[in-house]
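Visitor: Please pick one part of this structure, the packing of its interior, and take me through it closely. I am in my first year, so define the terms as you go.

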Amino acid sequence: MPDDFTAPPRRDDPFDFPDWPPGPSTLATWRQWVTREPYDTARQEISDTGPLIPEPTTPQTHAEARILTALIREYGMHRPELTDGPYGITSITPRTDELTIHIADGELERWARALTAAGIDIRAEAAAQNTGTATAGVTLAINGARINLAPATPSAWHDAADSAAQRPAPPASHDHTTPKHELATLLSATLRRIGLLWDVAHRHSSVHLMLTEHAGQTHLLDASAGRQSLSVIPLWQALSMPLQLWPARRAPRRADAGAAVLDAVNAFKPQPTATDPAESLCHLMDLEATAVTRRAATHALKIAQAVLDDPAHTSIWDAGGWIGTCRRSTARGEYSTHEDRLVPPGTERLLDAPGIDLLELGTLALRAQLSQKELDDLRGLEKYQVPLWWGVDTLIELLNWALAAATSPPLADAQEHPAPRRTLQRAAQEAASHMIAVHEAIEDVGAAELRREHDTWRLSKPDAIATDSVPTITDLILAAHAHDVLDFRGLVQALTYFSYRVHSTAGLPDGHRSLEDDGDFPNSFTGHISTWYGQPCTLVDEEANHAGVGSAAYRRHLAAHRAAFDPFVECYLAAADEMPGEHDVAERHRAGAQALRTADLAALRDLDPRWRHGGSDEFLSIVATLPLEVHEVESWVDDVFGDDA
């Protein structure tokens with residue numbers, strides 16, 4: 001992540017909002033965060049009346065959506081540090097009728113290949129002077145839209161286009177369709193806020209946006225967290241950006257918050273039918289309906305309606321609706337992408353509620369979670385602070401659920417799932433579960449592409465790899481998520497556990513895994529390390545099962561499962577497996593450690609693209625001191641890596 005950006009603006013604490021209204025300097029900093037423009041450019045581009053990030057015209061929206069779609073298919077999962085920015089973009093300058101994109105050196109050919117494969121006319125002209133574009137470059141005219149590419153010259157762009165034309169694009173990239181308008185607006189908004197992907201890369205090393213189909217619609221998913229988590233929640237929401245950085249456009253439909261809550265609950269046929277929106281909202285978030293909770297729910301519905309009517313907040317409709325935010329605390333808990341709390345639009349007005357006793361509201365919510373004894377054990381300020389914070393959280397959650405009900409797809413009639421005399425509480429709980437499940441299903445489609453078998457760590461849907469391909473270590477590392485690269489530190493940590501549990505292993509001729517009466521099991525040193533560390537295992541009948549880790553056959557196996565060994569690990573494992581027959585782990589470790597001591601470690605480091613900008617010689621000296629005796633590795637790891645081990 002660039003050093004000149006240290007902390008993003010956040011909208012994640014209801015009592016710590018930025019100064020209001022934010023001044024020009026603050027607004028320029030916020031805009032700079034998502035565009036990566038120079039500060040002076042961001043300051044000059046801010047309009048006195050328009051949004052911080054201008055909304056594009058319809059032709060501009062669709063052109064930008066086609067471009068990002070093409071880039072997603074070309075780059076797939078990638079590391080912005082290695083492409084000098086997400087999708088090779090160093091910065092953008094968005095305007096209503098044009099978008100200027102600064103492309104990193106060395107990425108022009110890839111861009112030309114991506115746009116050509118998407119059927120976009122990449123014939124470029126010198127950027128017109130009357131556009132006000134600060135940097136000379138070229139302009140692509142796409143169906144009435146203007147895309148300025150800087151600092152490319154026309155000759156450099158044409159050279160890149162000619163070079164790209166000589167390389168056939170993958171068949172999957174030949175999709176020339178224009179995304180539907182709803183998806184196009186989301187894609188365009190994401191491209192206009194491309195700097196947010198630096199936040200994602202800072203957390204997960206990689207950026208991986210996916211387009212998936214579900215229920216007849218195409219969705220944009222963020223799979224950057226890898227197999228742990230996928231998210232359909234838009235970046236500006238997922239990263240808790242201030243509302244000034246959210247897209248502002250027309251809502252897809254007029255919504256009545258109270259009616260939406262009743263519709264959601266009544267879809268599950270309560271007896272009697274729900275008629276009180278406030279009571280139904282309480283039950284929707286599994287809160288007891290009392291006088292104080294009804295008052296709170298009524299207030300939340302009033303604020304929700306104001307939010308729904310405000311065009312500045314229409315992003316709450318994006319990507320399946322606001323239920324995604326409710327899922328952060330209600331459903332699956334592995335949202336590693338969403339470490340930040342996000343308070344909904346309208347929270348400032350919501351908490352300005354003199355008629356609502358937040359202390360009493362919090363106490364009611366606490367009683368559903370804690371025993372009376374636990375409540376009585378609160379001491380000092382805790383007796384006031386704990387219920388107060390629970391009251392604040394409960395009021396915010398009521399607003400979240402009101403917005404979720406209004407922006408979720410209409411619930412199908414639940415009559416096909418009859419239940420004898422559903423109470424209002426039961427119907428509301430089923431409605432909430434259904435909304436969550438519908439939203440989860442969007443992400444589950446994408447998760448299937450990343451799913452691994454729990455015992456062999458192989459992808460459920462391996463990639464097709466040409467049988468004559470010869471992947472390099474660089475290729476493998478670039479194609480694998482950071483979680484799926486076994487690096488030197490991971491190897492030595494695995495050794496500290498593995499060496500006490502496995503006494504001997506077979507050599508390479510006997511296979512990395514072997515077939516026994518009750519299944520196939522790890523057999524070679526590499527086979528055991530892969531199993532212990534979660535690397536994809538070979539199958540007994542695969543060519544890779546009897547191939548060395550540095551061979552083309554084994555690397556094709558890793559490529560098919562989007563995994564990699566770093567160069568130091570490959571050197572170590574190749575030597576450890578080399579001895580034929582049964583040998584104890586100590587002998588095989590000694591062979592691997594000795595191979596590292598005699599290898600050209602600097603040359604190995606240069607094979608790893610993550611060290612593109614060079615690396616500390618101190619790390620190489622650490623690798624060279626790996627003990628030859630396996631029983632010394634654990635204490636060595638503690639000494640060298642300390643608390644980071």
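Guide: What follows starts with the nonpolar core and then turns to the pieces around it.

This is a predicted model, in which local features need pLDDT of at least 70, side-chain atom pairs count only at pLDDT 80 or more, and totals for chains, interfaces and linings use all residues. Residues are numbered from 1 along each chain as its sequence is written, and side-chain values use heavy atoms, leaving out hydrogens and water.

The term pLDDT stands for the predictor's confidence in each residue, from 0 to 100. Its mean over the protein chain is 86, and 89% of the residues reach 70 or more. Two stretches fall below 50: residues 129-134, which have 8 contacts beyond near neighbours in sequence, and residues 170-176, which have 11 such contacts. A contact means heavy atoms within 4.5 Å. Where pLDDT is low, the predicted coordinates should not be read in detail.

Now the core. A nonpolar core is a set of buried Ala, Val, Leu, Ile, Met, Phe, Trp, Tyr and Cys residues joined through side-chain atoms within 4.5 Å. Buried means under 20% relative accessible area, exposed means over 50%, and partly exposed lies in between (1.4 Å probe, protein chains only). In soluble globular proteins, nonpolar side chains tend to be buried together.

The largest nonpolar core here has 120 residues, and the members that touch the most others are Tyr 87, Trp 111, Trp 157, Leu 281 and Trp 401. Helix α17 (residues 382-407) supplies the largest share, 11 residues. Helices (H or I, at least four residues) and strands (E, at least two) are DSSP runs, numbered from the N terminus. At least three core residues come from each of domain 1 (24-245) and domain 2 (257-438); such bounds come from an automatic or database domain assignment. Another core lies apart from this one, with 48 residues, including Phe 568, Ala 576, Ile 622 and Phe 641.

Take Trp 111 as a point of entry. Neighbours within four places in sequence aside, Trp 111 is in contact with Ile 67, Leu 71, Tyr 75, Tyr 87, Ile 89, Ile 101, Ile 103, Leu 149 and Trp 157. Two of these contacts, Ile 89 and Ile 103, stand opposite each other. Ile 89 belongs to strand β1 (residues 89-95), where 5 of the 7 residues are buried. β1 pairs with strand β2 (residues 98-103) in the antiparallel sense over 6 bridges; two strands count as paired if DSSP finds at least two bridges between them. A hairpin of 2 residues joins β1 to β2.

The loop between α4 and β1 holds Asp 84. This residue is not a glycine, yet its phi is positive, near 60°. Asp 84 is partly exposed, with a relative accessible area of 36%.

Helix α8 (residues 196-204) is largely enclosed by the rest of the structure, because 7 of its 9 residues are buried. Those seven are Leu 196, Leu 197, Trp 198, Asp 199, Val 200, Ala 201 and His 204. They pack against α1 (24-35), α4 (80-83), β6 (209-214), β7 (217-222) and α9 (235-238). After α8 comes Ser 205, with a positive phi near 70°. In the loop between β6 and β7 sits Ala 215, whose phi is also positive, near 50°. Ala 215 is exposed, at a relative accessible area of 69%.

Helix α10 (257-266) can be read in the manner of α8. Here 8 of the 10 residues are buried, so α10 is largely enclosed by the rest of the structure. The buried ones are Ala 257, Gly 258, Ala 260, Val 261, Leu 262, Ala 264, Val 265 and Asn 266. Their cover includes α11, α12 (291-309), α17 and α18 (424-450). At the N-terminal end of α10, Asp 256 acts as a cap, with a side-chain oxygen 3.1 Å from the backbone nitrogen of Gly 258. That is a polar contact: a pair of N or O atoms within 3.5 Å, where within protein one must be able to donate a hydrogen and the other to accept it, and residues adjacent in sequence count only if both atoms are side-chain atoms.

The loop between α10 and α11 (277-284) contains Pro 272. A cis peptide bond, with omega about 0°, joins Gln 271 to Pro 272.
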